[in-house]
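Trainee: Could you take me through this structure one feature at a time, giving the general idea and then the case at hand?

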Amino acid sequence: MPAELAQLVEQRIRNAWVGGSSPPFGSEREYNTFFIPAMFIYNTTFQASIDDAQNLVIYLHEKYIPEAQQSGLMKNARMSRILSHRDEQSECFSVQFEAEEMSQIHQWYSSDGKRLNDELLELFNNQVVGFPTIMEVIE
């Protein structure tokens, strides 16, 4: 089975398998024994000017994160300072939430996420930029 698993990993890197289509080898059941997502992570990386960074952290901690978790769709929030992309004029932060299913992320974004992001952009007068990333936990 290790050779088949290596082929599967190589195939998945080349052409990601989409749920509902045929898996790259064997049956869907065999495939799922290797790749059952335990959860998804919705990450937003924010970049703020040095002047706005402290206020952004306060806003994220006191308003954004509590309201994002209020529906129960997004859980286990984490906020981190990003150290690998520092400069003298800005700071970057990451806010992550966990969701059990991709549909929960889409539901949350449609109901709460877009509103919170719009509020943030208005409040910080476009001095804060954010971009989302959705990740699948595989191990």
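## Reading helix H4 and the sheet

Mentor: Let us begin with a helix and its inward face: in H4, the buried residues are Gln104, Ile105, Trp108, Asp112, Gly113, Leu116, Asn117 and Leu120. Please keep in mind throughout that this is a predicted model.

Trainee: Why do residues three or four places apart point the same way in an α-helix?

Mentor: They do because an α-helix has 3.6 residues a turn. In this structure, the buried residues of H4 pack against strands E1 (39-49), E3 (90-99) and E4 (128-137), and also against helix H3 (50-69).

Trainee: Where is the kink in H4 centred, and what follows just after the helix?

Mentor: The helix, which covers residues 102-123, has a kink of about 55° centred on Tyr109. Just after H4 comes Asn125, whose phi is positive, at about 50°.

Trainee: How should I read the sheet, and in what order do its strands lie?

Mentor: In general, the strands of a sheet pair through backbone hydrogen bonds, and the pairing is either parallel or antiparallel. Here four strands make an open sheet with antiparallel pairing, in the order E2-E3-E1-E4. Strand E2 (75-82) and E4 are the edge strands, each pairing on one side only. On average, neighbouring strands of this sheet are turned by 20° against each other, direction ignored.

Trainee: How many bridges join E2 to E3, and what stands opposite Lys75?

Mentor: The antiparallel strands E2 and E3 are joined by six bridges, and Lys75 stands opposite Glu98 in E3. On this sheet packs H3, which touches E1, E2, E3 and E4, and whose direction makes about 10° with that of E3. H4 likewise packs on the sheet, where it touches E1, E3 and E4, its direction making about 15° with that of E1.

Trainee: Why is E1 described as largely enclosed by the rest of the structure?

Mentor: The description rests on burial, because nine of the 11 residues of E1 are buried. As for its pairing, E1 runs antiparallel to E4, with 10 bridges joining them, and Gln47 has Val129 in E4 as its bridge partner. E1 also runs antiparallel to E3, again with 10 bridges, and there the bridge partner of Phe46 is Phe93.

Trainee: Turning to a single residue, is Glu91 buried or exposed?

Mentor: Glu91, found in strand E3, has a relative accessible area of 14%, and therefore counts as buried, the cut-off being under 20%. Its side chain is joined to that of Arg81 by a polar contact of 2.4 Å. Leaving aside residues up to four places away in sequence, Glu91 touches Phe46, Gln47, Ala48, Ile50, Ala53, Arg81 and Arg86.

Trainee: How does the chain run as a whole, and what part of it counts as buried?

Mentor: The chain holds four helices and four strands, which run α-α-β-α-β-β-α-β from the N terminus on. Of its 139 residues, 34% count as buried. Among contacts with a separation of 6 or more, 70% come from residues 24 or more positions apart.

Trainee: Where in the chain is confidence lowest, and where is it highest?

Mentor: As a general caution, predicted coordinates should not be read in detail where pLDDT is low. This chain averages a pLDDT of 81, and 73% of the residues score at least 70. Confidence is lowest in helix H1 (residues 2-14), with a mean of 53, and highest in E2, at 96. The pLDDT is below 50 over residues 16-20, a stretch that has six contacts in the model beyond near neighbours in sequence.

Terms used:
Residues are numbered from 1 along each chain as its sequence is written. This is a predicted model: local features need pLDDT of at least 70, side-chain atom pairs count only at pLDDT 80 or more; totals for chains, interfaces and linings use all residues. Side-chain values use heavy atoms; hydrogens and water are left out. The bend at a residue is the angle between axes fitted to the seven residues ending there and the seven starting there. Helices (H or I, at least four residues) and strands (E, at least two) are DSSP runs, numbered from the N terminus. Buried means under 20% relative accessible area, exposed over 50%, partly exposed in between (1.4 Å probe, protein chains only). Contact means heavy atoms within 4.5 Å. Two strands pair if DSSP finds at least two bridges between them. Axes are lines fitted to C-alpha atoms, for helices over the stretch in contact, and angles run from 0 to 180 degrees between N-to-C directions. pLDDT is the predictor's confidence in each residue, from 0 to 100. A polar contact is a pair of N or O atoms within 3.5 Å; within protein, one must be able to donate a hydrogen and the other to accept it, and residues adjacent in sequence count only if both atoms are side-chain atoms.
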